[in-house]
Amino acid sequence: MQWDEAEAREIVRRHEGREGRLLPILHGIQSSFGCIPDPAIAFLAQAMNVTRAELHGVVSFYHDFRDRPAGRHVLKICRAEACQSMDGEGLARRLLDRLGLEWGGTTQDGRVTVEPIYCLGLCASAPAAMLDGEPMARLDDGSIGEIVREVSR
Amino acid sequence: MTMRFFVPRDAAARAVGADKVAAALEDEASRRGIEIQIVRTGSRGLFWLEPMVEVETPDGRIAFGPVKPGDASGLLTAGASHPLYLGRPEDIPFLKRQTRLTFARCGIVDPLSLADWRAYGGGRGLERARSLGPAATLEEVTKSGLRGRGGAGFPTGIKWKTVADTTADRKYVVCNADEGDSGTFADRMLLEGDPFALIEGMAIAGLAVGATRGFVYIRSEYPDAVRTFERAVLLAEADGLLGVAAGFDIEVRVGAGAYVCGEETALLESIEGKRGQVRAKPPLPAHKGLFGRPTVINNLVSLATVPWILAEGAEAYSAFGMGRSRGTMPIQLAGNVRHGGLFETAFGVTLGELVDGIGGGTRSGRPVRAVQVGGPLGAYFPRALFDTAFDYEAFAARDGLIGHGGVVVFDETVDMMRQARFALEFCAIESCGKCTPCRIGSTRGVETFDKIQRGERVAANLELIEDLCQTMKFGSLCALGGFTPYPVMSALRHFPEDFVRRATAVAAG
């Protein structure tokens, strides 16, 4: 969705009166616009009476917040120890190669972004991943094909 | 008569097809005109058997697993001869050997049914706390010997007492549900499987210390847990368990992907809407915590254990365990392990018993080589240390830690130098940047390992790593920089061949 100040104002209003409301607002902005776009920083700085530097500091601190929208699908593959113990790294490599991507990359057609994630709490069913917020576990080479088919839609 | 089925809605069950199994059961039943009811529960925590489906019978529930959607038809008429038949879940050795206090309801009840929660003992702890009053409630928690289950192991009663003794216009109870350690999922399972246990525990904490407001900070990597817990809070408000009449309310906050926010002061900063940077202590959060007010900040498991302690009494709880580690610990068996899952048991079981006996060795079938206990900041233990008892002090005595109870098993294919390097790399990615040993030390450590990998001045660089670890251990502001040396140094000490071999190979090559 394109930047829309009225929409952003509505998001801020929704959190009126909450203590420490910045993170919920940023989640709201990203959920509406797919990222924290530049105009959002200027707008929020004014709306919340903080400096743009301060806001940039918060936004850039957290891995979740993007400065540009991701692909239509977002695949997060776990790279933490429990998944490493089941060769999650090897599996991730083969999947990235199938998609012609590096970590953090988006396919040219904008279909999918693949990102690293450090633990999904599915550690007894490693290797694990999350596709568009849906958990996937006990992944194997068969799963690679399924994931590629899923994100090609 | 309506047949009742129980299918977990836990993320780890959904991740291997539980939703499809539930849908297949519905379809098959309606096709054959059989009336069924499907209750979506949390998980029992036997993850190699998920999706594990249970069916109600006159003799109690009977389990089948791991179930695929194609098995649905057979399950409608299945008996003991079915190939996936597991019998009564309580009789499965992995469950039978446990002592489930904190996880007593998890996997059994519908997590969003207050009626289920009450039928299985929910609410009794809060009721007793109300009749005891704040001082005696505090006394119960102290006497139980409960220590922080997030990893630090600080006595919960003392923490609460510190907050109770302050005077302030407002106090807070904060639940740390930023469960970022690889190999752990206890918080997630409770949020998804028994959220009212946490709500009750926080209400008891509020009563004991004089706080009326609670925050639960859940990591964004757990969308299922966020969804379930938010709904549970709404239900609790409608019920009167939370809200004005109850004198306590809870707000859910979702993290944004920063591991360091699991550190309590960084978490408080994050709730306040700031960068998740660690605060120097003192002041302690108990004196000046959230928004500068006295704050109880506890791990989710600690808080969710409190209702049991109040309901059954401090002595009943402290009767379990060994030494200064009282009660039970939900141990999480993960990684390359045959029987992975949640194993709640009294402190004192040995690491070897956990990995070989309960876990059944590796999933790959190869010999176990290393076990990382306590998450990414925990030490790697070799088989030679498998006699270590699961206990805060016993692990500390062997330069390790139990952390939040995660046990990640690796088979013989593991490259320990790679694991040591990863520990530093992870620290570099997740460092909040406030203190130099962590921010710079982690990056220099990764670079130094890369030199060792290339065969450059191996002995001198290994010495440099040790020196760097000393600096990080004693000079860092929090456990991220301070404990990263545990996996690094334990890998070096217990698996030196992985570091030397590399050097020799390069020299020969």
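Guide: Two residues are in contact if their C-beta atoms, placed from the backbone, lie within 7 Å, and that is the sense of the word in our tour of this predicted model.

Visitor: What makes A:Ala128 a residue in contact with others, if its neighbours within four places in sequence are left aside?

Guide: Within chain A, A:Ala128 is in contact with A:Cys78, A:Cys83, A:Leu120, A:Leu122, A:Pro135, A:Met136, A:Ala137 and A:Leu139, and from chain B it has B:Ala15 as a partner. Each of these pairs therefore has its C-beta atoms within 7 Å.

Visitor: Why is A:Ala128 called a member of the largest nonpolar core?

Guide: A:Ala128 is listed among the 208 residues of that core, so A:Ala128 counts as buried and is joined to the set through C-beta atoms within 7 Å. Together with B:Val174, B:Ile199, B:Ala205, B:Ile218, B:Val371 and B:Val407, A:Ala128 touches the most other members. Helix α10 (residues 195-209) of chain B gives the largest share of the core, eleven residues. In soluble globular proteins, nonpolar side chains tend to be buried together.

Visitor: How do you know that strand β1 and strand β3 of chain A pair?

Guide: Strand β1 (residues 73-78) and strand β3 (residues 129-131) of chain A are joined by three bridges in the antiparallel sense, and since pairing asks for at least two bridges, they therefore qualify. One partnership between them is that of A:Lys76 with A:Met130 in β3(A).

Visitor: What makes β2 and β4 of chain A the edge strands?

Guide: The open sheet has four strands in the order β2-β1-β3-β4 (chain A), with mixed pairing. Both β2 (112-117) and β4 (134-136) of chain A pair on one side only, and this is what marks them as edges. From one strand to the next, the twist averages 25 degrees. Helix α7 (residues 141-151) of chain A packs on this sheet, touching β1, β2, β3 and β4 of chain A, and its direction makes about 155 degrees with that of β1(A).

Visitor: How many residues of chain B are in contact with chain A, and what are they by class?

Guide: On the chain B side 47 residues are in contact with 34 residues of chain A. β12(B) gives the most to that side, with four residues. By class, the side of chain B that touches chain A holds 22 nonpolar, 15 polar and ten charged residues, and a Gly there would count as polar, because glycine is placed in that class.

Visitor: Where do the domains of chain A lie along the sequence?

Guide: Domain 1 covers 5-61 and domain 2 covers 73-151, and their C-alpha centres lie 30 Å apart.

Definitions and conventions: Residues are numbered from 1 along each chain as its sequence is written. Chains are lettered from A and ligands numbered from 1 in the order in which they are written. This is a predicted model: local features need pLDDT of at least 70, side-chain atom pairs count only at pLDDT 80 or more; totals for chains, interfaces and linings use all residues. Domain bounds come from an automatic or database domain assignment. Helices (H or I, at least four residues) and strands (E, at least two) are DSSP runs, numbered from the N terminus. Axes are lines fitted to C-alpha atoms, for helices over the stretch in contact, and angles run from 0 to 180 degrees between N-to-C directions. A residue is buried if 20 or more other C-beta atoms lie within 10 Å of its own, exposed if 12 or fewer, and partly exposed in between; C-beta atoms are placed from the backbone.
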